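Me: Please take a close look at a single part of this structure and explain how that part sits within the whole.

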Amino acid sequence: MGTEEKGFYEKVSGKIRFYMEQSKVSEKELAKRTGLGDKKIRQWLNADFAQLGVEDIEKIAIVLGISPEFLLNIKETTDEEKRLF
């Protein structure tokens with residue numbers, strides 16, 4: 001994995017963690033509400049996205065109240081979001 005790719009995964013992982021904290025959603029709760037396994041959630045929180053699918057991103061984003069595009073840094077960010085991430 002290249003440095004740029006690793007940085008991307010770490011940024012996405014950081015956003016998931018941040019919005020979990022903001023939403024007061026635990027790893028276990030995120031796994032339950034998305035229908036994804038605890039192990040998979042833990043992997044993603046550790047920036048291991050080997051088996052991350054589009055549907056999984058959508059499920060996580062919905063539970064956290066953000067768009068999939070924002071989670072993946074596709075959407076233009078606001079100044080506040082730039083400051084946080």
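Reply: A suitable starting point is Gly65, which takes a positive phi of about 75° just after α4. The model is predicted: local features need pLDDT of at least 70 and side-chain atom pairs count only at pLDDT 80 or more, while totals for chains, interfaces and linings use all residues. Residues are numbered from 1 along each chain as its sequence is written, and side-chain values use heavy atoms, with hydrogens and water left out.

The helix that precedes Gly65, α4, spans 54–64; helices here are DSSP runs (H or I, at least four residues), numbered from the N terminus, and strands are runs of E of at least two. Asp56, Ile57, Ile60, Ala61, Val63 and Leu64 are the buried residues of α4, where buried means under 20% relative accessible area, exposed over 50% and partly exposed in between (1.4 Å probe, protein chains only). These residues lie on the same side of α4 because they cover an arc of only 165° around the axis, the arc being that of the directions from the helix axis to the C-beta atoms. Val54, Glu55 and Ile62 are exposed on the other side of α4.

The buried residues of α4 pack against α1, α2, α3 and α5. Contact means heavy atoms within 4.5 Å; beyond its neighbours within four places in sequence, Leu30 has contacts that include Val63 and Leu64. Ile60, Leu64 and Leu30 are among the residues with the most contacts inside the largest nonpolar core, which has 22 residues. Such a core is a set of buried Ala, Val, Leu, Ile, Met, Phe, Trp, Tyr and Cys residues joined through side-chain atoms within 4.5 Å.
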